[in-house]
Amino acid sequence: MRPPVTHINLLQRTAPRHTAAWALAALLALSVVGTVVYGSRLRSQAQEAMHRRDDMAQQLKQVQARLAIQNGEQVKSATAVALRKEVDALQPQAQVAQALIDAVRNAEGGRTDEFARPLAAMTGLNEPGLWLTALTLSASGKRLELQGQASNGASVLRYARRANESLQSLTLHLDSLELQPATGVAAPGASNGMVSFRLY
Amino acid sequence: MEFGINRKGWTVIDCCDGSSLCAVSLKTAVRTSERPLVLSVVEQAAESADLDAAALRDLMAHVDRSLPILMTLGRTQYRLRVMSEPAVPQREMHSSLRWSLSTEGDSSLEEVNLAWMRIPTEDQLPSRPRQLYAVTTTKAWLAARLAAWRQAGVRPKVVDIRETALRNIAGALERPGEGLALVSADAEGVGMVFTHQGSLYLDRYIEQPLAEVRAADAATRIRLHERIALQLMRSIDVIGRSYPFMPVTRVVVAPAPEALGLLEFLTEHLPLTVEPLDLNQVFDLGKVPALAQSSALQARCLVPLGAALRSAKVAA
């Protein structure tokens with residue numbers, strides 16, 4: 001392999017070089033340019049950060065407004081849920097009332113006077129955890145029979161005692177009681193000790 | 001030192017030989033197996049070859065202006081000398097050479113342009129003091145020439161010398177391991193360059209105006225030829241003693257402006273192989289039939305052609 005050959009060129013710089021001065025000037029120029037570039041970049045970054053901050057504040061406001069709306073809706077919806085629960089709780093009683101109405105309509109060929117007084121006496125009684133499912137008047141109003149359900153047997157006994165007190169003026173008396181574990185629809189909140197009863 | 005590097009080629013203008021301008025465009029970007037392609041050659045007479053801007057402008061119309069321009073100087077316009085290489089780091093070489101030259105007293109530090117190239121002996125003769133070629137030209141003169149060239153629309157990227165142009169041709173003709181002598185004649189004299197591995201090791205120039213040889217009778221002409229042969233043999237002897245690693249066994253004689261019998265004389269009297277230079281060995285002359293057919297034009301264009309080989313890849 002042949003070594004590289006040196007070539008001649010007499011065309012050279014004619015002006016003095018001032019290398020150090022040029023180097024310093026270049027360094028200064030570079031520093032100035034660098035500072036300007038860095039400063040402008042810093043300024044743009046600061047502006048960008050401010051814009052981001054404003055955007056975030058705007059977004060925060062929107063989220064807060066949305067949350068307020070949602071809270072209101074949640075309150076409304078909580079009220080609706082509570083109402084719904086109350087409605088559901090009242091549903092068995094409404095069914096019982098409907099059953100009573102149906103029973104009344106069907107009872108004894110529409111002799112309402114004989115039926116009205118014992119019914120008024122019975123509906124005046126209120127025993128928590130007990131409700132009637134049937135009321136039967138027979139023997140021309142001389143015999144009354146009540147059927148219903150209760151959360152426990154003690155309620156039935158208390159109801160029977162109070163019913164006899166109310167029926168005393170009507171010369172009616174309930175002296176027989178049949179109790180058995182309930183198999184029908186249970187009232188909301190009722191325990192497993194539900195019983196159905198027949199009082200006559 | 002290596003200004004104006006390019007791989008495409010060069011347009012070389014030699015305006016300093018006699019009273020004619022010569023320009024060649026050479027494409028060096030060729031395949032490895034191909035020779036550099038001579039695109040154009042033009043020689044033009046000029047009353048004052050140095051500063052004839054109109055002739056120079058006219059010359060440029062006939063060459064490839066897309067290639068970078070290289071100018072070659074005449075022998076009287078620069079000084080080439082061998083110096084001891086200062087024992088300084090490479091980066092301080094230029095300053096050190098300037099200082100050495102200024103102490104010789106022929107020029108001040110700031111008045112000359114300086115270029116240099118080593119005479120490589122460090123591999124073959126590591127204990128021998130290193131030497132180099134230093135080339136100087138007067139800065140003011142070169143500035144004036146550059147201004148004149150610019151007025152003619154010529155903006156050279158390189159200013160080169162004749163010895164390195166001839167060295168490039170000799171380097172292209174070398175066989176591996178040999179030292180080669182290239183003898184070339186121009187209007188003012190006969191030059192010799194001795195090369196090895198493409199580098200210049202020795203140069204000689206015998207001032208012998210062509211007009212004198214032309215006018216001489218047969219006996220005088222033989223004496224003139226003997227003078228050249230003697231100088232050649234002495235130079236080969238110097239080479240043998242100074243650079244024993246490059247035996248010169250072959251002398252190549254370049255085409256002369258006129259056939260005055262130098263080649264025949266040397267072939268007959270030298271105990272070495274003497275060959276005529278065939279430019280077809282170095283260049284592809286297919287596009288310039290005028291050059292291929294004219295020895296006189298080849299002699300005139302030898303320096304610009306050699307200078308244009310600057311970026312050519314030469315096989316080892």
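pLDDT is the predictor's confidence in each residue, on a scale from 0 to 100. Keep that in mind as you work through these exercises, since the model is predicted.

**Exercise 1. Confidence**

Find which elements of chain B have the lowest and the highest mean pLDDT, then do the same for chain A.

*Solution.* Start with chain B as a whole: its average pLDDT is 90, and 93% of the residues score at least 70. Among its elements, helix 1 (residues 53-60) of chain B sits at the bottom with a mean of 84, while strand 13 of chain B has the top value, 97. Now turn to chain A, where the mean is 81 and 85% of the residues reach 70 or more. Here helix 2 (residues 112-123) of chain A has the lowest mean among the elements, 75, and strand 4 of chain A the highest, 91. For the model, the scores are ipTM 0.88 and pTM 0.64. A word of care for reading on: where pLDDT is low, the predicted coordinates should not be read in detail.

**Exercise 2. The sheet of chain B**

Work out the strand order of the five-stranded sheet in chain B and say which strands stand at its edges.

*Solution.* Follow the strands across the open sheet and you get the order 11-10-9-12-13, with mixed pairing. Strand 11 (199-207) and strand 13 (273-276) of chain B are the edge strands, each pairing on one side only. From one strand to the next, the twist averages 20 degrees. Next, take one pair from the middle of that order: strand 9 (residues 179-185) and strand 12 (residues 248-253) of chain B run parallel and share five bridges. To place the register, look at L182(B), whose bridge partner in strand 12 of chain B is V252(B).

Two helices can now be added. Helix 6 (residues 218-242) of chain B packs on the sheet and touches strands 9, 10, 11 and 12 of chain B, its direction making about 155 degrees with that of strand 11 of chain B. Helix 4 (residues 162-173) of chain B lies across strand 9, strand 10 (189-196), strand 11 and strand 12 of chain B, at about 50 degrees to strand 10 of chain B.

**Exercise 3. Two helix pairs in chain B**

Describe how helix 6 of chain B meets helix 7 of chain B, and how helix 4 of chain B meets helix 9 of chain B.

*Solution.* Two packed helices are described by the angle between their axes and the distance between the axes. For helix 6 and helix 7 (residues 262-269) of chain B, the axes come within 10 Å and cross at roughly 55 degrees. These two helices of chain B are therefore oblique to each other, and their crossing is right-handed. On the helix 6 side of chain B, the contact uses I222(B), H225(B), E226(B), I228(B), A229(B) and L232(B); facing them in helix 7 of chain B are L262(B), F265(B) and L266(B). Sorted by type, the residues of this contact are seven nonpolar, one polar and one charged.

For helix 4 and helix 9 (residues 295-308) of chain B, the axes come within 7 Å and cross at roughly 80 degrees. That angle falls between 65 and 115 degrees, so helix 4 and helix 9 of chain B are roughly perpendicular to each other. Helix 4 of chain B brings R162(B), A165(B), L166(B), N168(B) and I169(B) to meet R300(B), L302(B), V303(B), G306(B) and A307(B) of helix 9 of chain B. The residues of this contact divide into six nonpolar, two polar and two charged.

**Exercise 4. The sheet of chain A**

Trace the four-stranded sheet of chain A and identify a helix that packs on it.

*Solution.* The open sheet has the order 1-2-4-3, and its pairing is antiparallel. Strand 1 (130-138) and strand 3 (177-181) of chain A are at the edges with a single partner strand each, so one side of each has no neighbour in the sheet. The twist averages 15 degrees from one strand to the next. Strand 1 and strand 2 (residues 143-150) of chain A are joined by eight bridges, and A134(A) has Q147(A) as its bridge partner in strand 2 of chain A. Finally, helix 3 (residues 153-167) of chain A packs on this sheet, touching strand 1, strand 2, strand 3 and strand 4 (195-199) of chain A, with its direction at about 25 degrees to that of strand 4 of chain A.

Conventions: Residues numbered from 1 in each chain as written. Chains lettered and ligands numbered in written order. Predicted model: local features only at pLDDT ≥ 70, side-chain atom pairs only at ≥ 80, totals over all residues. Heavy atoms only, no water. Pairing = 2+ DSSP bridges. Axes fitted to C-alpha atoms, helices over the stretch in contact; angles between N-to-C directions. Contact = heavy atoms within 4.5 Å. Parallel < 35°, antiparallel > 145°, perpendicular 65-115°, else oblique. Left-handed = near helix turned anticlockwise from the far one by under 90°. Nonpolar A, V, L, I, M, F, W, Y, C, P; charged D, E, K, R; others polar.
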